[in-house]
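Please report on how the strands and helices of this protein are arranged. Keep it brief, and give the cut-offs for the terms used.

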Amino acid sequence: MGSIQLAKFLAIILQISTGDDPMTRVFAINTWPFTSATDAAFKVLLDTGTAVDAVVAGCTQCEIDQCDHTVGWDGSPDEEGHTTLDAMVMEGANQDMGAVSQLKSVREAIQVARAVMDHTYHSLLVGENATNFALSMGFKKQELSSKESLQLWKRWKLNKCQPNFWKNMANSTITCGPYTPLPAADEGSDQLNWPWADEGNHDTIGMITMDQEGRMAAGTSTNGATHKIPGRVSDSVIPGAGAFVDNRVGGAVATGDGDVMMRFSPAFLTVELMRGGARPREAAAESIKRIAKKYPEFSGALVAASKDGVYGAACHGFSHFAYSVRDLESKETRLVKMKCSKKDDILDI
């Protein structure tokens, strides 16, 4: 794909992206139409809370609401039927952060992530030890699975564990595991069953806030990909992939096919492009373009906001994408809806 073709694809994304709209300097913005989360975050900002306080409050509300069953408990069972949680929070002054992945038995993932930031010198805790840390911090042990999530897992098992996240494994497209690796000569013949993200499978909440002191923060919360292989870590907890924020520039958050998106550090790239002078919409579109160039079938979106309160977004692969915005001039949270670029937009150039 030459430079002229890349420019054409970027133009396609920009035509269907939305944003570069100004907000007042106190704001909350997040992926998807999770408006109760936006409202919860903005209430904290009005009460003179910090940007970090607001992100934690907003993502906590989404965990309580079990947004689309892709955030919080009661959703996205892994191959063994277990629901686990991932979350991250980052502040914009020094990129101090905390995150947890594969958290079990504790529902307040974003609050545990903040505890990692506030009470340890670490950035990310994972698995059973993340759960032990949460319990030591006083969080209550609770069940994360539900009747509905277990029924979803049982239906998947009855469907011979299709789709799944295995590749180059014998019989992984026709039955349940355990599987054995294919000989090297046969690799690539078992690639047709990739469970690409859609609006109902990868609705991670990513949120960016700015408080009354001009401080910024970003955060994420998710229960990950449905039927993921146990042990999988989402992009949501990787700084620069799921979220990134710098008070001197702005912030960006991602949602979608995290296993592909994390390879490109799209949130970090978007902020760096803004640092170089790109507006949020242009920066998000460029980051999406770089992923789509290599993985035209991926689905994902980026939302970005500058320190000046300008915001924008770009998306690919979804039929549509919506995000939620509220600032001092808004009487209520408003939704920004957009169409997304498609695989054919790449194949045609």
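S146 sits in the loop between α5 (127–136) and α6 (147–158). Helices here are DSSP runs of H or I with at least four residues, strands are runs of E with at least two, and both are numbered from the N terminus. S146 is buried, at a relative accessible area of 9%. Buried means under 20% relative accessible area, exposed means over 50%, and partly exposed lies in between (1.4 Å probe, protein chains only). Beyond its neighbours within four places in sequence, S146 is in contact with W73 and D74. Contact means heavy atoms within 4.5 Å.

This is a predicted model, in which local features need pLDDT of at least 70, side-chain atom pairs count only at pLDDT 80 or more, and totals for chains, interfaces and linings use all residues. Residues are numbered from 1 along each chain as its sequence is written, and side-chain values use heavy atoms, with hydrogens and water left out.

**The open sheet**

Eight strands form an open sheet with mixed pairing, in the order β5-β4-β3-β7-β6-β2-β12-β13. β5 (124–126) and β13 (334–339) are the edge strands; each has a single partner, so one side of each is left without a neighbour in the sheet. From one strand to the next, the twist averages 15°. Two strands pair if DSSP finds at least two bridges between them.

At the β5 edge, strand β4 (residues 97–103) runs parallel to β5, joined by three bridges. There V100 stands opposite L125 of β5.

I205 belongs to strand β6. It is buried, with a relative accessible area of 0%. I205 and N30 are 175 residues apart along the chain, yet their C-alpha atoms are separated by 6.6 Å. Not counting residues up to four places away in sequence, I205 touches several residues, including N30, T31, F34, A37, G58 and C62.

**Strand β10 and its partners**

Which residues point each way from β10? G300, L302, A304 and S306 point one way, and A301, V303 and A305 point the other way. In a regular strand the side chains alternate between the two faces of the sheet. Seven of the seven residues of β10 (residues 300–306) are buried, so the strand is largely enclosed by the rest of the structure.

β10 pairs with two strands, listed below.

| Pair | Bridges | Sense | Opposed residues |
|---|---|---|---|
| β9 (residues 250–256) and β10 | seven | antiparallel | A254 and L302 |
| β10 and β11 (residues 310–316) | six | antiparallel | A301 and C315 |

The hairpin of β10 and β11 has three residues between the strands. In this hairpin, G309 takes a positive phi near 85°.

**Helices**

Helix α2 (residues 35–46) lies across β2 (27–31), β6 (205–210), β12 (320–327) and β13. It runs at about 160° to β2. Axes are lines fitted to C-alpha atoms, for helices over the stretch in contact, and angles run from 0 to 180 degrees between N-to-C directions.

Two packed helices are described by the angle between their axes and the distance between the axes. The axes of α2 and helix α3 (residues 51–65) come within 7 Å and cross at roughly 150°. That makes α2 roughly antiparallel to α3. Angles under 35 degrees count as roughly parallel, over 145 as roughly antiparallel, 65 to 115 as roughly perpendicular, and the rest as oblique. Residues making the contact include A37, A40 and V44 of α2, and A54, G58 and C62 of α3. The contact residues divide into nine nonpolar, three polar and two charged. Ala, Val, Leu, Ile, Met, Phe, Trp, Tyr, Cys and Pro count as nonpolar, Asp, Glu, Lys and Arg as charged, and the others, Gly among them, as polar.

The axes of helix α8 (residues 266–275) and helix α9 (residues 280–294) come within 8 Å and cross at roughly 140°. α8 and α9 are therefore oblique to each other. P266, L269, T270, L273 and M274 of α8 meet residues of α9, among them P280, A283, R290 and I291. This contact has eight nonpolar, two polar and two charged residues.

What is buried in helix α4 (residues 109–119)? The buried residues are A109, I110, V112, A113, A115, V116 and M117. Their cover includes α3, β3 (85–91), β4, β5, α5 and β7 (216–222).
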